[in-house]
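User: Please take a close look at one part of this structure, namely its charged side chains and the way they pair. I am a first-year student, so please explain each term once as it arises.

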Amino acid sequence: MKRAHALAALIFATQLAHASLPEQALTRQLQAIVSDPAMPLASLSVVAIRSGAIVYSRQFGDKRLATPTSAAQPADAKTMYRVASISKLVAALGAMKLVEQGKLALDADVSDYLGYRLRNPNFPDQVISLRMLLSHQSSLLDDAGIAWDARSDMKEFLVPGGALYGKGEMWSRRAAPGRYFDYVNLNWGVIATLMERASGERFDRLMRQLILEPMGLKASYNVSAMSAADIDNIATLYRKRVKDGDETWNPNGPWIAQTDDFGVAPPLAPAGLADYVIGRNGSLFGPQGGLRISSNELAQIMLMLMDGGRYKGTQILKPETVTAMLERQWTQQGANGDSYHGLYRAWGLGSEHFTDTSSITDGKATGDRLVAGGSFGGVGHLGFSWGLKAAFVFDPKTKNGLVYVESGVGANPENQPGEYSSRARFEERITDALIRGALR
């Protein structure tokens, strides 16, 4: 264990010695954030892009922490993470590719693809479209669940009278589809089901065919199908909090694995996968939060979007497809949506718009601002779950952007509120450091 830490320290010192003075300063600043006793992080991977080129990439901490029987494994450039809701943005790329191919249409009734009538029973005359699903304006809610096993049919959940329908709590009573923004995970299970119905292919395989393989990425929505070497590169996500049940934080206690603890046991294929019927239940592979991908691979996706859908000489998406995906669909205006504690101010198709907004509400900072004092906005997505916090944000005009992924927090982030946004203070410190140290 001591030998592993000594080797990691030697590698860090060597990298630091060969970096420029500004890089050294940024690296030290990020290391101080990771090592902060008030909010230690299990690991942190960052990438900064300026004028369409990667100018800084670094990893800190361990993808797997030490145990009584095994040494710590440092994070490196190949380390992949279950990136939570950034999975939605990547899944949206696949949906937009099918739109580009004419297999889906943004404003058509999704019932035409599903093979059954999908309506909010509280607003039965209002069509639900892919555009509404991608922009969180479908009137679906997460209140009754977001994912099911391979033996389930989403029709039984979504349609009144179905075996899984229950009290119909998945449907909003507040406003008709297209009239209100509610950030929802369930939408992406429906989107993935639409993608399967339109293509005749299983969602995880379809995403590899449409986006991941053409870009040469190892990322996957199906961890059980990944190679042993790639699985070994997946970071375990941690918190200093019990995984299930008692949610009391203990900053002085041990790190507790929350998900992807593949150093202990390999991943299992979803139950019933062998008998899965394509087009019944696209939630199976976590389109809303199940993607495993490295920060460097996320940066490649960012570069592709910055270049109008082109990547290393291959047109992954047409420029007009990228433009349509990033076009504003919703803006917070009074009571037209739930801003999630002031964090969500505007939205595109599968992409958040960061409006550089900051305000104080009841003595607490709120907003989507990314750097103290402002002046950096853009599009992208945030991710947070299982102890992970992540951001993927870029400005399409300047082609400046950043990616960060951390794999575990050592204290309750709610006890460390931000100074100028709805994010936790340690998240603000990370984006502050990257923007000031690499993008200005």
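Analyst: Asp36 is a suitable starting point, since its relative accessible area is 18% and it therefore counts as buried. Three classes are used here: buried is under 20% relative accessible area, exposed is over 50%, and partly exposed lies in between, with a 1.4 Å probe and protein chains only. The model is a predicted one, in which local features need a pLDDT of at least 70 and side-chain atom pairs count only at 80 or more, while totals for chains, interfaces and linings use all residues. Residues are numbered from 1 along each chain as its sequence is written, and side-chain values rest on heavy atoms, with hydrogens and water left out.

The partner of Asp36 is Arg429: the two form a salt bridge whose closest N and O atoms are 2.8 Å apart. Arg429 belongs to helix H12, whereas Asp36 sits in the loop between helix H2 (21-34) and strand E1 (43-50), so the pair ties together parts that are 393 residues apart in sequence. Helices (H or I, at least four residues) and strands (E, at least two) are DSSP runs, numbered from the N terminus. Arg429 has a relative accessibility of 26% and so counts as partly exposed. The term salt bridge requires a side-chain nitrogen of Lys or Arg within 4 Å of a carboxyl oxygen of Asp or Glu. By this rule, the structure has 14 salt bridges.

A second pair is Arg119 with Asp109, whose side chains meet at 2.9 Å, N to O. Arg119 is in the loop between helix H4 (111-114) and helix H5 (130-134), and Asp109 is in the loop between helix H3 (86-100) and H4, so that this pair links distant parts of the chain, ten residues apart. Both partners are buried: Arg119 has a relative accessibility of 12%, and Asp109 has a relative accessible area of 14%.

A third pair joins Asp153 and Arg280, with 3.5 Å from N to O. Asp153 is placed in the loop between H5 and helix H6 (154-158), and Arg280 in the loop between strand E6 (256-259) and strand E7 (292-294); the pair therefore ties together parts that are 127 residues apart in sequence. Arg280, with a relative accessible area of 28%, is partly exposed.

Salt bridges can also join into a network, as they do among Glu419, Arg425 and Glu428. Arg425 leads to another charged residue, because it is one of the contacts of Asp432, where contact means heavy atoms within 4.5 Å. Leaving aside neighbours within four places in sequence, Asp432 is also in contact with Leu370, Val371, Ala372, Tyr420 and Gly437.

Asp432 is found in helix H12, which spans residues 425-438. This residue is buried yet has no salt bridge. Which side chain of opposite charge is nearest to Asp432? It is Arg436, at 4.1 Å, and a salt bridge requires the nitrogen and oxygen to be within 4 Å, which is why this pair does not count. In assigning charge, Lys and Arg are positive and Asp and Glu are negative, while His and the chain ends are not counted.
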